[in-house]
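Student: Could you pick one part of this model and take me through it closely? I'd like a connected picture rather than a list.

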Amino acid sequence: MSSPPILPISVTSLYKSSIASPALRAFASRSSDALRRAFARRRPWTELADHTAFSRPDTLAVAASRVRKNASYFRVNYLTVVAAVLAFSLLSHPFSLLTLVSLLAAWLLLYVFRQQEHPVVVYGRTFSDAETLGVLIALTVIVFFLTSVGSLLLWAALVGSAIVCVHGAFRVPEDLFLDDQEQMGSGLFSYVGGAASSAAVAAAPSVIISRA
């Protein structure tokens with residue numbers, strides 16, 4: 001009796017092992033909690049768009065000072081604006097969106113949340129973690145530098161940042177108040193860094209155990 005044909009890649013087993021991974025559950029739970037805490041501190045959009053609080057800055061120093069203060073106060077709103085610009089850019093370019101989603105799925109399924117007992121098998125050849133990592137890095141370089149994905153994300157981020165900077169420079173921040181804790185943790189990307197760090201800390205032990 002002939003043996004069953006070898007599948008090009010063991011996608012089913014990888015998918016099941018990734019979904020069942022404790023690291024994935026911990027990462028999803030921690031990321032969800034971090035996002036909820038961040039959006040709970042979002043400022044009212046009516047305050048962001050209050051036309052009576054806009055005026056032209058007299059100097060570049062005044063504009064830079066306004067951007068810093070507004071970025072600390074409206075950081076969640078600003079990040080939402082940048083994310084919306086990125087999302088609109090990707091949705092308007094379906095090929096780039098599909099390519100980016102496929103790359104992200106490959107990283108998650110084939111490396112990040114894959115358990116050690118489910119190796120990557122392509123046409124009967126088993127790939128080690130180092131080989132899998134090397135292939136994923138090569139694919140990432142190809143996607144970002146040899147396709148339109150990298151330039152699309154760069155331009156979208158620049159457009160979003162330009163919108164944030166223009167708003168921050170013209171929005172008078174004298175009526176905005178930050179408590180001491182917010183001032184110590186001020187910065188447009190502090191929430192992103194905090195959420196990523198918390199999720200990584202939660203997922204790291206499970207990832208290490210699965211690859212032991």
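Tutor: Let's settle on residues 73-91, a span that is 95% helix and 0% strand, with 29 Å between its end C-alpha atoms. (Helices are DSSP runs of H or I of at least four residues, strands are E runs of at least two, and both are numbered from the N terminus.) This is a predicted model, where local features need pLDDT of at least 70 and side-chain atom pairs count only at pLDDT 80 or more, while totals for chains, interfaces and linings use all residues. Residues are numbered from 1 along each chain as its sequence is written, and side-chain values use heavy atoms, with hydrogens and water left out.

UniProt, in an unreviewed entry, gives residues 73-91 as a "transmembrane region", alongside 97-113, 133-158 and 188-209; its positions are in the numbering used here, feature names are shortened, and annotations may be inferred rather than shown by experiment. One of those other spans, 133-158, is 96% helix and 0% strand, with its end C-alpha atoms 30 Å apart.

Now for the aromatic start of our span. The whole structure holds three aromatic pairs. One of them joins Y73 and F74, which meet edge-to-face at 4.9 Å centre to centre with 90 degrees between the planes. (Phe, Tyr and Trp rings, using the six-membered ring for Trp, pair if their centres lie within 6.5 Å; planes under 30 degrees apart are stacked, over 60 edge-to-face, the rest tilted.) Both Y73 and F74 are buried, where buried means under 20% relative accessible area, exposed over 50% and partly exposed in between, with a 1.4 Å probe and protein chains only. Add Y78 to these two residues and you have one aromatic cluster. There's a charge here too: R43 lies over the face of Y73, 4.0 Å from the ring centre (the rule is NZ of Lys or CZ of Arg within 6 Å of the centre and within 35 degrees of the ring normal).

Move along to helix α5, residues 75-91, which packs against α8 at an angle of about 145 degrees with the axes 9 Å apart. (Axes are lines fitted to C-alpha atoms, for helices over the stretch in contact, and angles run from 0 to 180 degrees between N-to-C directions.) From α5, the residues involved are Y78, V81, V82, V85, L86, S89 and L90, and they meet a set in α8 that includes L152, A156, G160, I163 and H167; contact means heavy atoms within 4.5 Å.

I163 is a handy place to look at that packing. It sits in α8, which covers residues 148-170, and touches V81 and V85, leaving aside residues up to four places away in sequence. I163 and Y78 are 85 residues apart in sequence, yet their C-alpha atoms are 8.8 Å apart in space. With a relative accessible area of 41%, I163 counts as partly exposed.

L90 brings in another helix. S96, in α6 (residues 94-112), touches L90 along with S148, V149 and L152, again not counting residues up to four places away. Because its relative accessibility is 2%, S96 counts as buried. L90 and L152 thus turn up in both places: they are contacts of S96, and they belong to the α5 and α8 packing.
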